Amino acid sequence: MKIIVPMAGRGSRLRPHTLTVPKPLIPVAGQPIVHRLVKDIAKVLGEPIEEIAFVLGDPAFFGDDVVESLTKLAESLGAKASIYRQDQPLGTGHAIMSAEPSLSGPAVIAYADTLIRANFNLDPEADAVIWTKKVENPEAYGVVNLNEKEEIIELVEKPKTFVSDQAVIGIYYFKDVAVLKQKLQEVLDENIMNGGEYQINDGIKRMMAEGKVFKTGTVDEWMDCGNKAVTVETNGKMLGFLANDGEEQLISNSVINKNSTIIEPCFIGENVVLNNTTVGPYVSIGNDCVLDNVSVKNSLIQNASIIKNATLDQAMIGNHVVYDGNFKAISIGDYSVLE
């Protein structure tokens, strides 16, 4: 089994955080989004992963440190890491074809801006499986249309009339991904574009037209990381799941606690100093942070930041930030938001 992970986009909806860190590497509950996603997919599949192919963008942004991080992720799952570059932002189909040498055999394709909780078996009779989530407002999503055999016969984008309540979440399984590769190559050769981009759906539609059997795999939870508000919400949900699972140590033994209170669930990384501070619930704090006279809940703070004299709720703070709630002289960069 292979996992193909297109992650070339910079993530403009998460600025300013994605000006310096690619969105898939922003930590949620203590681990980068893409790390959690790939590990959760591997858990659902329940079989050895031989290769994980990552499709990255501009090397100036997705640099050597990103490659090293992703290589270690693949190796931790017993897999080979393959690194590809998408030289132009020309859509999902183009991103997948950027990993053309790896497109053979059984594979999962997953876009690295979402997190899941799932427990299901892949249908061995299906040529492909599209992972879905039941939603209350299907008109806001791309959904699948099913026949009486519960096979997917159509993909419908934001239907104006009810088609189904199963939304496509951006994770796909192909019994032989080479079939998708062939169809996407036809899409590229014929220059079939939607919204100025080559889309995976056009390859999938061609597979369906040839009678390939598509089934659904329904996830229990689908958590978006598209913007600040939903990323903070996802961080809180994931902390709740992890605390309930009891499989990860969420609070480091190296935390220095000086007259401070921790209300779980929280993630607190290495060498964090808490002084006269209340943390939680639903807070993630990265390594080497210092919080002095702070009350923080429902928030995400990355690494090596110093926060003083602040009350924070629904906050997302990046790396190497210095923030004093009693500020007078300030230096704030582009896209920063204080609310």
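Contact, in these notes, means heavy atoms within 4.5 Å. I am working on a predicted model.

**Entry 1: Trp131 and the cores**

I started at Trp131. I left aside its neighbours within four places in sequence. Trp131 is then in contact with Ile41, Val44, Ile116, Phe120, Leu122 and Ala167. Val168, Ile169, Ile171, Tyr173, Gly217 and Val219 are also on its contact list.

Next I looked up the largest nonpolar core. I find 50 residues in it. Ile41, Phe54 and Trp131 have the most contacts inside this core. Which helix gives the largest share of this core? I find that helix 1, residues 33-45, does, with eight residues. Another core lies apart from it and has 26 residues. Leu103, Ile152, Leu184 and Phe214 are among them.

**Entry 2: helix 1 against helix 2**

I stayed with helix 1 and checked how it packs. Its partner here is helix 2, residues 64-76. The angle between the two is about 20 degrees, and their axes are 11 Å apart. Angles under 35 degrees count as roughly parallel, so helix 1 is roughly parallel to helix 2. I note a right-handed crossing for helix 1 and helix 2.

Which residues meet here? From helix 1 I list Val34, His35, Val38 and Lys39. From helix 2 I list Ser69, Leu70 and Leu73.

**Entry 3: helix 4 against helix 5**

I then turned to helix 4 and helix 5. They pack at an angle of about 115 degrees, with axes 8 Å apart. Their crossing is right-handed. On the helix 4 side, the contact is made by Val179, Leu180, Lys183, Leu184, Glu186 and Val187. On the helix 5 side, I read Ile200, Asp202, Gly203, Ile204, Arg206 and Met207.

I also looked up burial along helix 5, which covers residues 200-209. Ile200, Asp202, Gly203, Ile204, Met207 and Met208 are buried there. What covers these buried residues? The cover includes helix 3 (92-97) and helix 4 (177-189). It also includes strand 10 (152-157), strand 11 (166-174) and strand 12 (214-218). After helix 5 comes Gly211, with a positive phi near 90 degrees.

**Entry 4: Lys175**

Lys175 sits in the loop between strand 11 and helix 4. Is Lys175 buried or exposed? I read a relative accessible area of 37%. Partly exposed is the class between under 20% and over 50%, so Lys175 is partly exposed.

I checked its surroundings, leaving aside neighbours within four places in sequence. Lys175 is in contact with Gly105, Pro106, Pro124, Glu125, Ala126 and Asp127. A polar atom of the Lys175 side chain lies 3.1 Å from the backbone oxygen of Pro124. I also looked at Val129. Lys175 and Val129 are 46 residues apart in sequence, yet 8.5 Å apart in space, C-alpha to C-alpha.

**Entry 5: Asn235**

I found Asn235 in helix 6, residues 228-245. Why does Asn235 count as buried? Buried means under 20% relative accessible area, and Asn235 has 0%, so it is buried.

I then asked what Asn235 touches, again without neighbours within four places in sequence. Asn235 is in contact with Val28, Ala29, Tyr282, Val283, Ser284, Ser299 and Leu300. With Ser284 there is a polar contact of 2.6 Å, side chain to side chain.

**Entry 6: cis bonds and positive phi**

Tyr282, a contact of Asn235, led me to its loop. Tyr282 lies between strand 18 and strand 19. What is the phi of Tyr282? It is positive, about 60 degrees, although Tyr282 is not a glycine. Tyr282 is partly exposed, at 33% relative accessibility.

Pro281 is in the loop between strand 18 (278-279) and strand 19 (283-285). The peptide bond joining Gly280 and Pro281 is cis, with omega about 5 degrees.

I logged another cis peptide bond, from Glu264 to Pro265, with omega near 5 degrees. Pro265 lies in the loop between strand 15 (261-262) and strand 16 (266-268).

My closing lookup was His320. Its phi is positive, near 55 degrees, in a residue other than glycine. I place His320 in the loop between strand 23 (316-317) and strand 24 (322-324). Exposed means over 50% relative accessible area, so His320 counts as exposed at 64%.

Definitions and conventions. Residues are numbered from 1 along each chain as its sequence is written. This is a predicted model: local features need pLDDT of at least 70, side-chain atom pairs count only at pLDDT 80 or more; totals for chains, interfaces and linings use all residues. Side-chain values use heavy atoms; hydrogens and water are left out. Buried means under 20% relative accessible area, exposed over 50%, partly exposed in between (1.4 Å probe, protein chains only). Helices (H or I, at least four residues) and strands (E, at least two) are DSSP runs, numbered from the N terminus. A polar contact is a pair of N or O atoms within 3.5 Å; within protein, one must be able to donate a hydrogen and the other to accept it, and residues adjacent in sequence count only if both atoms are side-chain atoms. A nonpolar core is a set of buried Ala, Val, Leu, Ile, Met, Phe, Trp, Tyr and Cys residues joined through side-chain atoms within 4.5 Å. Axes are lines fitted to C-alpha atoms, for helices over the stretch in contact, and angles run from 0 to 180 degrees between N-to-C directions. Angles under 35 degrees count as roughly parallel, over 145 as roughly antiparallel, 65 to 115 as roughly perpendicular and the rest as oblique. A crossing is left-handed if the near helix is turned anticlockwise from the far one by less than a right angle, and right-handed if clockwise.
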